[in-house]
Amino acid sequence: MPIVYAMIAEMGSVTVQCSTVNTDFSNVVNLLLSRVQDQPNMRKSYAHEGHSFNYLVSQNHVMFLCVTNVEFPTRVAFAFLQKIMNDYRPGYTTPGVLQKDMDFFSNDPRSDRITNIRTEIDNVREIMVENIGAVLERGEKLEDILQQTDLMTAHSGQFNTRARKLKTAMWWKNVKLWIVIGVVAFVLLLVLIWAICGITFQRCR
């Protein structure tokens, strides 16, 4: 299983953990706990002895960590951490809950959205090739082939659009933030000018 260990810690102490191997990760975990509990909204990854230690810290200073094989995709590891952070309820999140999510993100292809989209696009391309081959065998007109190809290309475009939306989602969040900052700065500047020059700018003429 690629995700071999997961844990949740509050106030520097581990509250829930689950492991599928006999390896002792306590030394590395305790070292990370001593360094990151006072740094909310942080996410990082470290490689150590063939394993990847991935963690994120919530706004409430709760640390969520998982250990994977170094070959395991980092994006899937953080998708797992985001899931258990969103679902976390003190006293209700048990090792069994962690085990279930570990199984899903380690073994179920649906856990990796990017891979899913790529697979759908590849499937569409294969269908296009099969349809064209079948049409040629029946001796149908080239115009019919082109019409079917255009239809399948349209479906492929939809999948590509989904991929682009995933890629640009975080970028738009940053753009909106800067727009808000710019508007606030402009309003503050305008208020400052009015305070100095007056609304009609009479004192600055």
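Which residues of the largest nonpolar core touch the most other members? Keep that question in mind while orienting yourself in this predicted model, whose protein chain holds 5 helices and 5 strands. Read along the sequence, these elements follow the pattern β-β-α-β-β-β-α-α-α-α, and of the 205 residues in the chain, 29% count as buried.

**The largest core**

Select Ile 3, Phe 64, Phe 80, Leu 81 and Leu 98, which are the members of this 20-residue core that touch the most others. To see where the core is drawn from, colour strand S1 (3-10), strand S2 (13-19), strand S5 (62-69), helix H2 (74-87) and helix H3 (95-107), each of which supplies at least two of its residues. The largest share, 6 residues, comes from H2.

Now centre the view on Phe 80 and display what surrounds this residue: leaving aside residues up to four places away in sequence, Phe 80 touches Ile 3, Ala 6, Cys 66, Leu 98, Asp 101, Met 102 and Phe 105. A second core of 16 residues, separate from the one just visited, includes Val 4, Met 63, Leu 65 and Val 67.

**The sheet**

Switch to a cartoon view and follow the strands across the open sheet, where 5 of them run in the order S2-S1-S5-S4-S3 with antiparallel pairing. S2 and strand S3 (42-48) stand at the edges, and because each has a single partner strand, one side of each is left without a neighbour in the sheet. On average, and with direction ignored, neighbouring strands here are turned by 15° against each other.

Next select strand S4 (residues 51-57) together with S5, since this antiparallel pair can be traced over 7 bridges. Within it, Phe 53 stands opposite Val 67 of S5, the latter being one of the residues included in the second core. Bring H2 back into view, and it can be seen packing on the sheet, where this helix touches S1, S3, S4 and S5 and has a direction that makes about 40° with that of S4.

**The second largest pocket**

Move on to the second largest pocket, which has a volume of about 160 Å³. For its lining, select Val 28, Leu 31, Leu 32, Arg 35, Val 36, Gln 39, Met 42, Lys 44, Tyr 46, His 48, Phe 53 and Tyr 55; Phe 53 will be familiar as the residue opposite Val 67. Helix H1 (26-36), S3 and S4 are the elements that give two or more residues to this lining, and the largest share, 5 residues, comes from H1.

**Two loop residues with positive phi**

Most residues other than glycine have a negative phi. With that in mind, select Met 11 in the loop between S1 and S2, where phi is positive at about 55° although the residue is not a glycine. Met 11 has 78% relative accessibility and therefore counts as exposed, the cut-off being over 50%.

Finally, go to Glu 49, whose place is in the loop between S3 and S4. Is Glu 49 buried or exposed? At 68% relative accessibility, Glu 49 counts as exposed, and its phi, near 50°, is again a positive value in a residue other than glycine.

To end the tour, zoom out to the whole chain and consider its contacts between residues at least 6 apart in sequence, of which 49% join residues at least 24 apart.

Methods
Residues numbered from 1 in each chain as written. Predicted model: local features only at pLDDT ≥ 70, side-chain atom pairs only at ≥ 80, totals over all residues. Heavy atoms only, no water. Core = buried A, V, L, I, M, F, W, Y, C linked by side-chain atoms within 4.5 Å. Buried < 20%, exposed > 50% of the residue type's maximum accessible area, 1.4 Å probe, protein only. Helix = DSSP H or I, 4+ residues; strand = E, 2+ residues; numbered from the N terminus. Contact = heavy atoms within 4.5 Å. Pairing = 2+ DSSP bridges. Axes fitted to C-alpha atoms, helices over the stretch in contact; angles between N-to-C directions. 1 Å grid on protein atoms, 1.4 Å probe; cavity = no way out; pocket = protein on both sides within 12 Å on 5 of 7 lines; lining within 4 Å. Points joined across faces, edges and corners; volume = space filled by probe spheres on them.
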